[in-house]
Amino acid sequence: MSLENKSVNKSFGGWTKHYTHQSSTLSCEMRFAIYLPPQTANGQKVPVVYWLSGLTCTDENFIQKAGAQRIAAELGVALVAPDTSPRGADVANDEGYDLGQGAGFYVNATQAPWNRHYQMYDYVLKELPELIEATFPVSDKRSVFGHSMGGHGALVLALRNPDRFKSVSAFSPIGNPVNSPWGQKAFTAYLGKDSATWADYDASLLMRKATGAVPALVDQGEADNFLEEQLKPQTLEAAAKASGYPLELNRREGYDHSYYFIASFIDDHLRFHARHLGA
């Protein structure tokens, strides 16, 4: 698969790079960012932590704002941040910020016109890791984390595929999208009006019936404007309690939904993943 390098920046002894490639899963050109820590300079293979961003974001937000490269360099882990949706002139879109381009919700769409391109679940689960592991000096040890819509995606991927990920974490995830306005709008468009089909993409419902477990960490700001209507962390807590799932959920007083919050606790999340990755 052909990769085109778009930028290279040295950072904390490693390299932050942006690439494009033609995705067979999404039938369009996709972008992703990767941070390769200094340990890879001598060919050493390092584990990978995949970051899934939230609504309206691209492959650049996390890489530029979270301050994650410093701790990733210390721990010897690679970071990969894909775009949040397929994009292009022929890719279906919506006037709202919470549907269409920039709002893929990490699902496999089944409804037209979205099903032609919007297969983000398979892209992040299969195609992107295969590409990363075939191209860069990384191992097949993976963890996944994300923010808001991306926190939802990270939790769903890990809950449904405990054999693929060593750990999962999230900042301010949409914890119960079948009961949130964001989730209901996106799932109706992408998956159809039958809400029974939505359960495979709801972290609270998946966690409540989980049999295999991936260690999970969630941080939620108590001053988040979306806390009660959209995010519903209490449903995740209840689901973990019901199934005995290994979830640590921290409520952070005074923090909001922004990257100021993410940057404040990114070290904790990367250290959490490094422990489970053996880094």
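**View 1. Helix H4 is mostly covered in this predicted model.** Of the 12 residues in H4, 11 are buried. They run from Met149, Gly150, Gly151, His152 and Gly153 through Ala154, Leu155 and Val156 to Leu157, Ala158 and Leu159. From first C-alpha to last, the helix reaches 17 Å. That is close to the 16 Å expected at 1.5 Å a residue. In an α-helix, residues three or four places apart point the same way, because there are 3.6 residues a turn.

**View 2. Ser167 sits in the loop between helix H4 (149-160) and strand S7 (168-171).** Ser167 has a relative accessible area of 0%. The cut-off for burial is under 20%, so Ser167 counts as buried. The side chain of Ser167 makes a polar contact of 2.6 Å with the side chain of Ser143. Beyond its neighbours within four places in sequence, Ser167 is in contact with Arg142, Ser143 and Val144. Its other contacts of this kind include Val214, Pro215, Phe272, His273 and His276.

**View 3. Ser139 is part of strand S6 (residues 138-147).** Its relative accessibility is 17%. This value is under 20%, so Ser139 is classed as buried. A polar atom of the Ser139 side chain lies 3.2 Å from the backbone nitrogen of Lys141. Leaving out residues within four places in sequence, Ser139 is in contact with Lys45, Val46, Pro47, Val48 and Glu133.

**View 4. Pro38 lies in the loop between strand S3 (28-36) and strand S4 (46-52).** Pro38 has 31% relative accessibility. Partly exposed covers values between 20% and 50%, so Pro38 falls in that class. Not counting residues up to four places away in sequence, Pro38 touches Phe12, Gly13, Gly14 and Ala73. Ser243 is 205 residues from Pro38 in sequence. In space, the two C-alpha atoms are 40 Å apart.

**View 5. The largest pocket holds about 190 Å³ of space.** Its lining includes Gly54, Leu55, Thr56 and Cys57. Tyr97, His147, Ser148 and Trp182 also line the pocket. So do Phe226, His257, Ser258 and Tyr259. By residue class, the lining divides into six nonpolar and six polar residues. No charged residue is part of the lining.

How values were computed:
Residues numbered from 1 in each chain as written. Predicted model: local features only at pLDDT ≥ 70, side-chain atom pairs only at ≥ 80, totals over all residues. Heavy atoms only, no water. Helix = DSSP H or I, 4+ residues; strand = E, 2+ residues; numbered from the N terminus. Buried < 20%, exposed > 50% of the residue type's maximum accessible area, 1.4 Å probe, protein only. Polar contact = N/O pair within 3.5 Å; in protein donor to acceptor, adjacent residues only side chain to side chain. Contact = heavy atoms within 4.5 Å. 1 Å grid on protein atoms, 1.4 Å probe; cavity = no way out; pocket = protein on both sides within 12 Å on 5 of 7 lines; lining within 4 Å. Points joined across faces, edges and corners; volume = space filled by probe spheres on them. Nonpolar A, V, L, I, M, F, W, Y, C, P; charged D, E, K, R; others polar. Expected span 1.5 Å × (residues − 1).
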